[in-house]
Amino acid sequence: MVEIPDSLRSLFSAPIEERNGTYVVEVPSSEVDHEALSADETYRVAILESPTSTELSMQQKTQQPPSRETASRTPSGPPVEEGEVRDVSIETVGDQGDGIAKVERGYVVIVSGAQPGDEPTIEIEQVQKNVAFASVVDSDPRAL
């Protein structure tokens with residue numbers, strides 16, 4: 001398992017592309033928009049191999065595009081939006097000590113200060129492709 005340091009500022013997936021003899025990883029604009037990164041700073045970057053990247057590219061080459069009917073039924077993007085308020089159940093605690101809840105389609109929401117068993121009302125603060133970050137706006141009334 002990969003150990004993630006407390007100093008982690010951003011986590012996202014991106015392909016590596018060759019451009020004019022160099023290789024480029026594009027940082028999503030949302031990382032700068034949400035102030036996780038700044039365009040004028042230098043950062044250390046860790047590259048982790050996606051265990052399914054080769055498998056996915058092979059599947060994409062052999063698959064036909066989905067029909068309109070299938071595409072309209074397939075959910076796209078995260079199932080939460082920034083500013084959304086909802087009730088969740090905290091299932092576990094992450095490596096940084098924050099609560100982890102799962103919502104639709106197994107999408108992970110990290111809730112600062114929450115503990116397993118809590119059922120707080122949260123506000124989504126930052127949404128990324130595979131994870132969202134939220135804060136508690138109303139604690140579980142059963143909590144001590």
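Begin by selecting residues 121–127 and 131–138, which are strand β7 and strand β8, and follow the six bridges that join these two antiparallel strands. As you go, keep in mind that the model is predicted. At one place along this pairing you can select Thr-121 and find Asp-138 of β8 standing opposite.

Next, select the loop between β7 and β8, where Gln-128 has its place. Is Gln-128 buried or exposed? With a relative accessible area of 10%, Gln-128 is buried, because the limit for that class is set at under 20%. If you display the surroundings of Gln-128 and leave aside residues up to four places away in sequence, the residues that Gln-128 touches are Leu-11, Glu-31, Pro-78, Tyr-107 and Phe-133.

Now widen the selection to the sheet to which β7 and β8 belong, an open sheet of six strands in the order β3-β7-β8-β6-β5-β4, in which the pairing is mixed. Which strands stand at the edges? They are β3, residues 85–87, and β4, residues 92–93; each has a single partner strand, so that one side of each is left without a neighbour in the sheet.

Stay with the β3 edge and select Arg-86 together with Glu-104, whose side chains meet in a salt bridge with an N to O distance of 3.3 Å. Arg-86 lies in strand β3, whereas Glu-104 lies in the loop between β5 (99–102) and β6 (108–112), so this pair ties together parts that are 18 residues apart in sequence. The two partners can also be coloured by accessibility: Arg-86, at 16% relative accessibility, counts as buried, while Glu-104, at 40%, counts as partly exposed.

From there, move to residues 16–19 and 22–25, strand β1 and strand β2, which pair in the antiparallel sense over four bridges. These two strands form a hairpin with two residues between them, and in the turn you can select Asn-20, which has a positive phi of about 50 degrees. Within the pairing, Ile-16 of strand β1 stands opposite Val-25 in β2.

Keep Ile-16 and Val-25 selected and add Tyr-23, Tyr-43, Val-45 and Ile-47, and you will have a nonpolar patch on the surface, whose members together have about 620 Å² of accessible area.

For the last stop, select Glu-17, Arg-19 and Glu-26, which are linked in a network of salt bridges. In this network the side chain of Arg-19 meets that of Glu-17 at 3.0 Å, N to O, and the side chain of Glu-26 meets that of Arg-19 at 2.1 Å, again taken from N to O. How exposed are the members of this network? Arg-19 is partly exposed, with a relative accessible area of 34%; Glu-17 is likewise partly exposed, with 33%; and Glu-26 is partly exposed as well, with 43%. A search of the whole structure finds four salt bridges, among them the pair of Glu-104 and Arg-86 visited earlier on this tour.

Terms used. Residues numbered from 1 in each chain as written. Predicted model: local features only at pLDDT ≥ 70, side-chain atom pairs only at ≥ 80, totals over all residues. Heavy atoms only, no water. Pairing = 2+ DSSP bridges. Buried < 20%, exposed > 50% of the residue type's maximum accessible area, 1.4 Å probe, protein only. Contact = heavy atoms within 4.5 Å. Patch = residues over 30% accessible without salt bridge, like charges linked within 9 Å, V, L, I, M, F, W, Y side chains within 5 Å. Areas by Shrake-Rupley, 256 points an atom, 1.4 Å probe, with all protein chains shown as cover.
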